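User: Could you take a close look at one strand for me and walk me through what surrounds it? Keep it chatty, but give me the cut-offs.

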Amino acid sequence: MSASAGRSAVYGEHNLYDLGQVPMDDLRASGFTTVILWKLNIDKQGDLYYCKGRYGKDRKLVSDGAYVGDPEWPSHLATLKKQQPTSVTRLELSIGEAGGDDWSIIKDSIGRHGTGPSSVLYRNFQALRKATGADAINNDDEECYDADSTVTFAKMTQVIGYTGFTLAPYTNVAHWRGVKDGLGAFVDRVYLQAYSGGASNDPQQWTRDLGMPVDPGLWSVHDENGGNCNRGDDPTAVKDKMSAWNTPRGSVPGGFMFLYEDMMECSKAGKLSDYARVINEATGGAVAP
């Protein structure tokens, strides 16, 4: 008897842009099946950035419907799924963060310009998809919580050609249920934050509330005190928590980790591949012949 393996996602930040091919090779060999580029920023003119202002860099990606970022980044990203061997089968672009105003800007842009083919949102997210090859948009809204504009935006991305729209909630279940109901099956994954402000979240309860299974996530061992790497969950803790959540077997299809940069900085606590392996083993379907 064997169990079907689960799926594993990892959020990555500025290093996935700044360090060229190195992080792509790390991720291809990691065992993670999904990479989520966090975070995409948008300004009031509609220009798109990656990790805007992080370490003093703006990293502008798209302006006026054209890709203007690092000319080599699209080819680096393409290797994640296309250069064998690789464990990565999916790439997502994440919008939002605690204290961020990106979803409020999107709401305002929809109100002023709409989401038709000539709108700045449509043209810029079309150019971004062409450049990155992203499969889905990941919604990490932690401030705006406007379901109507979110649903309108998501439907625009579906028209453009994105194949999924994923949610990353930690609170406000009523908002996320409204988004899910407005989009139906286009919401194909929910990445439930089970760390920091969402540490008390119960994946089974969120599954019942949203009407679909969720992929819970944890924060890897990370440094908050000058090199101590004394916060977060190591691979053993991740395995224990994921296994407990995936009861009965098959109730949790996968899980995710935050954050690639922290795992690399605190690698003595566990390698990238260690985190991916325990999630793949602890989540997924019921035992079958």
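What follows is a tour of strand β3 and its neighbours, with a few other spots added for context.

Analyst: Sure, ground rules before the tour. This is a predicted model, in which local features need pLDDT of at least 70 and side-chain atom pairs count only at pLDDT 80 or more, while totals for chains, interfaces and linings use all residues. Residues are numbered from 1 along each chain as its sequence is written, and side-chain values use heavy atoms, with hydrogens and water left out.

Let's start with the strand itself. Strand β3 covers residues 34–42, and 9 of its 9 residues are buried, so β3 is largely enclosed by the rest of the structure. Buried here means under 20% relative accessible area, exposed means over 50%, and partly exposed is in between (1.4 Å probe, protein chains only). The strands and helices are DSSP runs, numbered from the N terminus: E with at least two residues for a strand, H or I with at least four for a helix. Two strands pair if DSSP finds at least two bridges between them.

Now the partners. Strand β2 (residues 7–12) pairs with β3 in the parallel sense, over 4 bridges. Gly 12 has Leu 37 of β3 as its bridge partner. Strand β7 (residues 90–95) also runs parallel to β3, and 6 bridges join the two. In that pairing, Leu 40 sits opposite Ile 95 of β7.

With β4 the direction flips: β3 and β4 pair antiparallel, over 3 bridges. Ile 42 stands opposite Leu 48 in β4. The hairpin of β3 and β4 has 5 residues between the strands, and Gly 46 takes a positive phi near 95 degrees in it.

From there you can keep walking. Strand β4 (residues 48–50) is joined by 2 bridges to strand β5 (residues 60–63), again antiparallel. Leu 48, which faces Ile 42 of β3, also stands opposite Val 62 in β5. Then β5 pairs antiparallel with strand β6 (residues 66–67) over 2 bridges, and Val 62 stands opposite Tyr 67 there. The hairpin of β5 and β6 has 2 residues between the strands, and Asp 64 takes a positive phi near 55 degrees. As background, in a regular strand the side chains alternate between the two faces of the sheet.

Stepping back to the whole chain, it has 11 helices and 13 strands. Its radius of gyration is 18 Å, close to the 19 Å that the globule rule gives for 289 residues, so the chain is as compact as a globular protein of that length. (That radius is taken over C-alpha atoms, and the rule is 2.2 Å times the number of residues to the power 0.38.) The C-alpha atoms fill a box of roughly 55 × 40 × 40 Å along the principal axes. Of the 289 residues, 54% count as buried. Contact means heavy atoms within 4.5 Å, and among contacts between residues at least 6 apart in sequence, 74% join residues at least 24 apart.

Two buried residues outside β3 are handy to compare. Thr 157 is in helix α6 (residues 147–160) and is buried, with a relative accessible area of 0%. Leaving out residues up to four places away in sequence, Thr 157 touches Ile 137, Tyr 162, Phe 165 and Phe 186. His 222 is in the loop between β11 (215–219) and α9 (235–245), and at 4% relative accessible area His 222 is buried too. With the sequence exclusion of up to four places, His 222 touches Cys 229, Asn 230, Arg 231, Gly 232, Asp 262 and Cys 266. The C-alpha atoms of His 222 and Ala 269 are separated by 9.1 Å, though these residues lie 47 apart along the chain.

Last, some backbone spots to check in your own setup. Most residues other than glycine have a negative phi, and most peptide bonds are trans. The peptide bond from Gln 84 to Pro 85 is cis, with omega near -5 degrees, and Pro 85 lies in the loop between α3 (73–82) and β7, where β7 is a parallel partner of β3. Another cis peptide bond joins Thr 247 and Pro 248, with omega about 5 degrees. Tyr 145 has a positive phi near 55 degrees and is partly exposed, at 21% relative accessible area. Asn 172 has a positive phi of about 65 degrees without being a glycine, and at 31% relative accessibility Asn 172 counts as partly exposed.
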